[in-house]
Structures are given as structure tokens and as C-alpha cells.
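Reader: I am new to reading protein models. Could you take me closely through the loops and their backbone?

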Amino acid sequence: MSFVPRSAVLLAFVVVSAVAGCDKVPLLAPTNTTIRLVATVGVLPLAGSTDITAVVIESAGTPVQNGTVISFTSSLGTIEPHEARTSNGQVTVRFVAGGQSGKAAISAFSGGSKSDDLEILVGAAAAGAVTLRAGQTSLPTTGGTTTMIATVVDTGGNPLPNTPVAFSTSAGTLSQSTALTNSLGEARSDLTTNVAAKVTASVGGGATPVSATLDIVVTDLPVVDIAVVGGTGTNTAEIGLPTVFSLKQANATTSSAIRSLRIDFGDGTIQSLGPLSGTITVSHQYARTGFYTVAVTATDALGLVGVTTMILQVNDRFAIPLTVTSSNLGNGIVNFSATATPRTGTTIRVYEWDFGDGTVITTTGGLTTHRYSSVGTYRVTLRVIATNGDEGSAVLDVRAS
């Protein structure tokens, strides 16, 4: 058995321990090393993320030794992982923005070397501009609701999602005072008001917030006067005759011009009339008696819609009052006299006589004579027709001798 001196054993133990200790000490960048940070983007939405790459070069211009430990810090959000080892002079980590808007200052260090801060704008801090539009910029004085749409873009003009937008209004109420932008960079809030309002959309509450305003105006709904032209009375009509309606804008001075008009006659018939200028007329014929609700829907140049209605009574056709008298002259000869009373403004156009013995004639006056060929009693029927189409009829029994 060979003998190993105790001093040699102790020396070997010290050497092994020293080597093991070196493996546990992190490898850091040498003095005068340059660390440069590079990010794939400069702006992020809330909860967004991006890769951060550290390029680590020694003073001689060569990459640091593989496995050099680089540590990262950020004033906002988190770095995952906060330490990483280089490969070919580079190391990549991920920056994750949290739920707070602001400017993230990210730095990296190793040994005595430290990078310059890399700044990334997060959330509202990344907003470059805000625009504001509305589903309707005009609402009726009776009150209405319109959707306010704010579009947020970053400094490069790209839509900025997941960014809080603050809405405020000088009048009325908003459905929400703060809303997050969607993937298109749009945030929405509904405004309800019956008076004029100025709505503002703002992003960022720091020294340089960006904002946009939009005026919402109010105006009267378009109103149309409806009247029946002619007829036997106010808001009345007759079956079988054309009913003529007169339409005119009633509030042209307080509402916008009417760009389209539609009339519902109440019997299932609807007619589009286009724009309304001055007074126009439209005709319709009803087939049944009864009460009908006539509704006129007007849409003005601002897109506001007003509806005006009237109740129309449709009566049976006017019957011309008619009387017939006769006088027997003997030898089968009978004189006839008719008295008709048509409505004002019309006259009797034709008298149609049926003498009851198979003879039918027409006259333009109310006097006529007929000779019967045999003695007997005959039923005479007279029908009159006026120039406007009104009709009347009467029956008379006569004795021919």
C-alpha cells in the first residue's frame, strides 16, 4: 500500500472546492462593455407585450462570452425573465405591459456596465391622436340617443387597442364615462339628450392628453299638414271616388327640408312620394266604408323622422236625390218629369229611362214622354248620372190608359 501525504490530500480538496465555487459565481460583463437595447415596437396597449433584445459587446468590439448574465429592470410592467444569459452576444426577454398607462423606462445591466433607458409608451401614453364621430349629429327636441365613437391611433397612425377613453358632455347623459378601445382603436358611449351638447373624448390624463370634441345639435322633427281636398266634409271620403290628399311641411322654419315622404292610406296601401317641396297632392280610392288612419312619414335632410296622422271617415257613395212624377194624357201617352239635386259644382249628365215595357231611352233633360201600346200598370225606373260620376235612382208605377 502506497502512502499519500496528508498535505497532498488537503491541497487537492482546496483545488476541487475552488473549481466548484467558480461554477456558482455568475458570469458578468467585463468593464467598459456596451449594452444596447432594441424593441420590436415603441408603443403598446394595456396588457400588451413585446420582445426586448440586449446586444452586449466588449470594449474590443467582440460579443461577450456566452452565458454572461444580463439583468433587466422596468419602471412599468414586468420583464420576463428579469435575468437571462447571452448567446453570441445577445439575449432576448419579453416586456409585458400591465394595466397602467404611462412611459416604461427599461434598462439592462451586467457587472459595472449599464444600458441607456429604452422607452416604450403604454396605453393612453401611446396615443398620438383621437377623432370623434357620432351615429347621428342631430337629435330631435323631443329627445333621442346617438352613439359617440372615438377612434384612437398611436404616434404612427396605427389603431391603438385596449386604451381607456374618457367621455364627457356639456348636456344630456352618457351611457359610460370611460370605455376601452377595441381592436380597431374604437371606444363607444351613447349620448341621450334633448338639448344641444358638446361631447369630448380624451385619452391620457398627463401633461399632454389628446382629445377631440363634437357638437350634437337638436332640431324639431319634420311635421306634415294633411288635408282632404274637396269631399263632403272635413276628413271624409266616399267609396268609389278618388280621395285627394294635400300635403305640406308644417314647420319648415324650425326643421330641415324633407328629403323623403311616405303615405300609408290605412287600408294596406303605402306609397312613396320622394322629397316634399311646397304643397303636393296624392290621390287614393277606398273600396270599403269605415274609419282609416292615414299616416305620413317624413324623413328630413338630417335623418330625423316625423310621423303625422289623421283619421279619415269613408262613407257610402253620395246618392243624388231624385223624384219622378207623371201625368196620363190618355191613348197610352204619359208625360214624365224628373227633379234631381246633384252636389254643388256638378250637373246631371244623362237621364236613363226604363219605361217598364221593354223600352229604354236616355235624355239630357228631366222631361220626356212615352206612349204605351196597351193599357196597364207599368213600373218606370229612372237613373241619373252626374258629371262627377255621382248617381241617383227612382222608381214610379204608372197607369197607361
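Author: Here is a walk through some loops, one residue at a time. Keep in mind that this is a predicted model.

Start with Pro 81. It sits in the loop between strand E5 (78-80) and strand E6 (83-85). The peptide bond joining Glu 80 to Pro 81 is cis. Its omega is about -10°.

Now step back to Ala 47. This residue is in the loop between strand E2 (43-44) and strand E3 (49-57). Ala 47 is not a glycine, yet its phi is positive, about 70°. Is Ala 47 buried or exposed? Exposed means over 50% relative accessible area. Ala 47 has 56% relative accessibility, so it counts as exposed.

Go on to Asn 88. Its loop runs between E6 and strand E7 (90-96). Asn 88 is also a residue other than glycine, and its phi is positive, near 55°. With 61% relative accessibility, Asn 88 counts as exposed.

Last comes Pro 159. Look for it in the loop between strand E13 (144-154) and strand E14 (164-169). Pro 159 has a relative accessible area of 44%, so it is partly exposed. Which residues does Pro 159 touch, leaving out those up to four places away in sequence? They are Val 152, Val 153, Ser 183, Leu 184 and Gly 185. Now find Ala 201, which is 42 residues from Pro 159 along the chain. The C-alpha atoms of Pro 159 and Ala 201 are separated by 16 Å.

Key: Residues numbered from 1 in each chain as written. Predicted model: local features only at pLDDT ≥ 70, side-chain atom pairs only at ≥ 80, totals over all residues. Heavy atoms only, no water. Helix = DSSP H or I, 4+ residues; strand = E, 2+ residues; numbered from the N terminus. Buried < 20%, exposed > 50% of the residue type's maximum accessible area, 1.4 Å probe, protein only. Contact = heavy atoms within 4.5 Å.
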